[in-house]
Amino acid sequence: MTFNPLEQRGIPLDRQLRNWREMDVEPIDPDHCDPYTRCRIIAMNGIETEAVMFSHQFARHCPDPEVKRQLAQVRYIEQQQQKVVNWLLPGLSSVLETTIAYEQVAVDLTAWVARAEPDLYLQQAYQFGVLEDFDHLYRYANLYEMIEHRKADAIVEGLTEVMPGRPTKFHHRHPEDNVREPYDRTTANPLSKLHALTIMSAEQQTMNFYMNVGPQYMEPIARQLYQEIALIEEEHVTHYESLVDPGETWWEQLVTHEYNECYLYHSFMEQESDPRVKAIWELHLNMELEHLRIACDLMRRHDGREPQEIVAPQLPPVLTFEPNHGYVRELLDTQMDLTTLGTGYVQEAHERFQKLQEQIHGGEEPPSERVMAQHRQLFGGEYRSQPSGEHPDMASRERKE
Amino acid sequence: MSQAPEAPDARVAPESSEDAVALLMRQHGDIRNLFDEVEKTSGEARADAFRRLVHLLAVHETAEEEVLHPMARTAYAGAEKVVEKRLAEEKEAKELLSRLDGMDTEDPKFLPQLLTLRTEVMKHARAEERYEFLHIRRNSSPAQLATMAKALRAAEATAPTHPHPGVESATKNALLGPVAAIVDRTRDAVRKAMGR
């Protein structure tokens, strides 16, 4: 099915405002929902949050009051979209439960994007990152069982495996080595631009989330683990944002943002299993089509260019949440021991990496290791969920005590 | 040990290191695990899981009423109101529970009512975690937390969270008694541990 968002008409902007009754959505049931419904909600919240913050940054750099007013109008609607989407999450869930769902998003969204990415350098960036999110999921899962006596598999339901990835303690790299090379906006495949924006937005939301909820925990090990992983999210945002060509104009970026929102709402609408949530994706898609039309007009007027020059003539294949056991296992088998050096990837622990490791760990085991030690002490083993079998990396299999 | 074991509680945390709040948080998880088990099983297995759920719920709520709420009441000005709300929720849950307790677990009305109970219990548990546990931790000394934990453990000892060998059948588990009797036994155990 071909769908060209540039040719579709959405809901006129002056009919998009919702009242409190319409904003008051019924949350999903944390114990009976499709885990991927929760993933789509979390991913879309990241996308809308980026839309809002990008628009604010744009407004702060924009001298034209007319454009500022236009941005403010669309942004107000985007804020409503963010609220409707994120308020689908239930108050019944604990912060740690939501955290585990965030990591499930990071694993299966990044893995899917890595598989679909046409550019090899960009693909490597996603492959590298996914093994770290995968390990975070495993650490948080062990914390979850310690604090709440629940198994993370009750949240991810076997769709995503829970076992070690690249060990979290090795994610702490010199900040200089987190900066990648950008794609070239004039030659990049339009799909690559959407991928980079999507993963950057998702990681940015994860960073913001951990930054703010981490200190809500009372248990020392929980506070410490959130602190450690939140700092890695800073690295991930640096990693992914540097993939985007900084030469894109504000207008161009605005169009890409709106186009991407159309792409994702359309994708999620196509695969949503919960009819109530599906109706929201459909409504928001129809709103985004109008936001895209407005962004395209601004680009024509102020950039003197046609949006067709930068976006694809039809939406790419549906971005899908689905299990990636095999793909992740392949990466575990081949890329566990990678780190970054400059804008590339190496297997040896180089000097700058080692120096930072020494400084940040201060001669002690970091929280991500201590959480495992505490879990082993309390339960006599680790929490893992490996529906597809033993860990492909021999050294990462659990030591039998 | 890579696969999550089937029994919800094959590995049990050593109890002595836990304070009262950690212990209650863990029980909230155990209760939720038992709800999962009741929903996913059928026949004898469901009846058995449900007996254990009823028992743990009765023990947990009674212990909270005896140990947690009296302490929380004095935590700060206005805490009284917070505790009253929790007690009202507990009363409602107990009524729902008693109604369910007399029902055949294969009755078509059983599951919908169980889901209602589950939602009520979950809301209640999260409200405790957010509005009550916070103040308990803030206002109690480690010694107080330890004494409370001791009383809670005495209560917990009367509740089987996983099937006891030889007590798998519903008939045998029914010997554990109706909700009211469990409540009484728990209250006695807690008061004894608290030295009252």
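**Exercise 1. Work out whether A:Ser267 is buried or exposed, and where it sits.**

Start with the accessibility: A:Ser267 has a relative accessible area of 0%, so it is buried, given that the cut-off for buried is under 20%. Keep in mind as you go that this is a predicted model. Next, place the residue: A:Ser267 belongs to helix 9 of chain A, which covers residues 250-271. Last, look for its partners. Leaving aside residues up to four places away in sequence, A:Ser267 touches A:Val318 and A:Leu319.

**Exercise 2. Describe the surroundings of A:Tyr183, and find which side chain makes a polar contact with its own.**

Step one is the location: A:Tyr183 is in the loop that runs between helix 6 (153-156) and helix 7 (190-213) of chain A. Step two is burial. With a relative accessible area of 7%, A:Tyr183 counts as buried.

Step three is the neighbours. Setting aside residues up to four places away in sequence, A:Tyr183 touches A:Leu122, A:Ala188, A:Ser192, A:Lys193, A:Ala196, A:Leu243, A:Val244, A:Asp245 and A:Glu248. Now pick out the polar partner: the side chains of A:Tyr183 and A:Glu248 make a polar contact at 2.7 Å. For one more link across the sequence, check A:Pro246. It is 63 residues from A:Tyr183 along the chain, yet their C-alpha atoms are 9.2 Å apart.

**Exercise 3. Find the side chain that A:Glu382 pairs with in a polar contact.**

First find A:Glu382 itself, in the segment after helix 13 (367-379) of chain A. Then check its exposure: the relative accessible area is 6%, so A:Glu382 is buried. The partner is A:Tyr138, and the polar contact between the two side chains is 2.6 Å.

**Exercise 4. Helix 2 of chain A meets helix 10 and helix 4. Classify each pair by its crossing angle.**

Take helix 10 to begin with. The axes of helix 2 (residues 35-60) and helix 10 (residues 275-303) of chain A come within 12 Å and cross at roughly 25°. That makes the two helices of chain A roughly parallel, as angles under 35 degrees are counted that way. The crossing of helix 2 past helix 10 is left-handed.

Which residues do the touching? From helix 2 of chain A come A:Thr37, A:Arg40, A:Ile41, A:Met44 and A:Glu48, and they meet A:Val277, A:Trp281 and A:Glu288 in helix 10 of chain A. Sorted by class, this contact has 4 nonpolar, 1 polar and 3 charged residues.

Now for helix 4 (residues 95-116) of chain A: its axis and that of helix 2 come within 9 Å and cross at roughly 85°. Helix 2 and helix 4 of chain A are therefore roughly perpendicular. On the helix 2 side, the residues are A:Pro35, A:Tyr36, A:Arg38, A:Cys39, A:Ile42, A:Ala43 and A:Asn45, which meet A:Thr98, A:Ala101, A:Tyr102, A:Gln104, A:Val105 and A:Asp108 of helix 4. By class, the contact of helix 2 with helix 4 divides into 8 nonpolar, 3 polar and 2 charged residues.

**Exercise 5. Do the same for helix 4 and helix 7 of chain A: what is the crossing angle?**

The axes of helix 4 and helix 7 of chain A come within 11 Å, and the angle is roughly 165°. That makes the pair roughly antiparallel. Helix 4 passes helix 7 in a left-handed crossing. Residues in this contact include A:Tyr102, A:Ala106 and A:Trp112 of helix 4 and A:His195, A:Phe209 and A:Tyr210 of helix 7. The class split is 13 nonpolar, 7 polar and 2 charged.

**Exercise 6. Look at phi for A:His149 and A:Glu157, then ask how exposed each residue is.**

Here's the background: most residues other than glycine have a negative phi. A:His149 is not a glycine, but its phi is positive, about 60°. Its place is the loop between helix 5 (120-148) and helix 6 of chain A, and its relative accessibility of 6% makes it buried.

A:Glu157 also has a positive phi, near 50°. A:Glu157 lies in the loop between helix 6 and helix 7 of chain A. At 42% relative accessibility, A:Glu157 counts as partly exposed.

**Exercise 7. Sum up chain B: how many helices and strands are there?**

Chain B has 7 helices and 0 strands, giving the pattern α-α-α-α-α-α-α along the sequence. Of its 196 residues, 50% are buried. Finally, take the contacts in chain B with a separation of 6 or more: 79% of them are between residues 24 or more positions apart.

Notes. Residues are numbered from 1 along each chain as its sequence is written. Chains are lettered from A and ligands numbered from 1 in the order in which they are written. This is a predicted model: local features need pLDDT of at least 70, side-chain atom pairs count only at pLDDT 80 or more; totals for chains, interfaces and linings use all residues. Side-chain values use heavy atoms; hydrogens and water are left out. Helices (H or I, at least four residues) and strands (E, at least two) are DSSP runs, numbered from the N terminus. Buried means under 20% relative accessible area, exposed over 50%, partly exposed in between (1.4 Å probe, protein chains only). Contact means heavy atoms within 4.5 Å. A polar contact is a pair of N or O atoms within 3.5 Å; within protein, one must be able to donate a hydrogen and the other to accept it, and residues adjacent in sequence count only if both atoms are side-chain atoms. Axes are lines fitted to C-alpha atoms, for helices over the stretch in contact, and angles run from 0 to 180 degrees between N-to-C directions. Angles under 35 degrees count as roughly parallel, over 145 as roughly antiparallel, 65 to 115 as roughly perpendicular and the rest as oblique. A crossing is left-handed if the near helix is turned anticlockwise from the far one by less than a right angle, and right-handed if clockwise. Ala, Val, Leu, Ile, Met, Phe, Trp, Tyr, Cys and Pro count as nonpolar, Asp, Glu, Lys and Arg as charged, and the others, Gly among them, as polar.
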